[in-house]
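Please open the model in your viewer and keep the sequence panel beside it. The tour below moves from one selection to the next and says what is to be found at each stop.

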Amino acid sequence: MARIHPTAIVHPAARLAEDVEVGAYSLIGEHVEIGAGSWIGSHVVVEGHTRIGERNRIFQFSSIGAIPQDKKYAGEPTRLEIGNDNTIREFCTFNCGTAQDGGVTRMGDHNWIMAYVHLAHDCQVGNRTTFANNAQLAGHVVVGDYAILGGFTVVHQFVQIGAHCMTAMGTILLQDVPAYVTASGNPSQPHGINAEGLKRRGFSAEQVQAIRRAYKTLYKAGLTFAEARDEIVRQAATEPALQVLADSLLRATRGIIR
């Protein structure tokens, strides 16, 4: 049976795995599902149509699954889905989706989310990302696997952040960030590729060099965006590591940081 502190309030219809732990003064709503091995700290509110997977840790004073901060929201039963093995630190706010998008805000597995992070409605976050303190995502943002957002990174709605990207502290993202790119500034500018992160994740020297050449094609060769994109798509046909970069360029909807 789930270990629920006597001061916590858990709705009888909520579905908690047998070994879930709920801390003091936390509130678990009617439509919440929490998977095995998860730990909910004290003073946490989990509400809405929220599904939390296995082995997650959610720290005190977080608000998980509240209605979206969107004036168009009219009470639709939209959802929040959180995968497995995530750490969500203090004072985080994750909102459900909206009917104007897919109706679901989603986070994958093995993400490390530090304090005061905001995940707005309809955001889609991949796997093994790191969000430092006070990273703030507006609605409909997409974040690829292994991305690292520095503290106080602020992301405009509908921006897409490619896999393996990294932002510096205080970065303001108003346009898409291609995969592998590091960014900083207000507004943000590209500053090479996340080479050290790629090495730590097992990319070979040859792969890193190929990604570096593709970055130069995108930013240093004097090509238009369309020309550079098409050239990188051609390069990806013979270098598989470039496919994630090519895909991020093909999906870009707001233009890319320059």
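Which residue in E14 is the bridge partner of Ala66? Select Asn95, since that is the residue in E14 that is bridged to Ala66. Before going on, note that this is a predicted model, in which local features need pLDDT of at least 70 and side-chain atom pairs count only at pLDDT 80 or more, while totals for chains, interfaces and linings use all residues. Residues are numbered from 1 along each chain as its sequence is written, and side-chain values use heavy atoms, with hydrogens and water left out.

**Parallel strands**

Extend the selection to strand E11 (residues 63-66) and strand E14 (residues 93-95), which run parallel and are joined by three bridges. Helices (H or I, at least four residues) and strands (E, at least two) are DSSP runs, numbered from the N terminus, and two strands pair if DSSP finds at least two bridges between them. Now add strand E8 (residues 45-46), which runs parallel to E11 and is joined to E11 by two bridges; here Val45 stands opposite Ser63 in E11.

**Loops with particular backbone geometry**

Select Arg128, in the loop between strand E18 (124-125) and strand E19 (130-131), where phi is near 60°, a positive value in a residue other than glycine. Arg128 is partly exposed, with a relative accessible area of 42% (buried means under 20%, exposed over 50%, partly exposed in between, with a 1.4 Å probe and protein chains only). Move on to Asn134, in the loop between E19 and strand E20 (136-137), which has a positive phi near 70° and is likewise a residue other than glycine. Asn134 is partly exposed, at a relative accessible area of 22%.

Next, select Asn186 and Pro187, whose connecting peptide bond is cis, with omega near -5°. Pro187 lies in the loop between strand E27 (181-185) and strand E28 (188-193).

**A pair of helices**

Finally, select helix H2 (residues 205-219) and helix H3 (residues 225-236), whose axes come within 8 Å and cross at roughly 160° (axes are lines fitted to C-alpha atoms, for helices over the stretch in contact, and angles run from 0 to 180 degrees between N-to-C directions). That makes H2 roughly antiparallel to H3, a term for angles over 145 degrees. Show the side chains of Ala214, Thr217 and Leu218 in H2, which meet Phe225, Ala228, Glu231, Ile232 and Gln235 in H3, contact meaning heavy atoms within 4.5 Å.

Key: Parallel < 35°, antiparallel > 145°, perpendicular 65-115°, else oblique.
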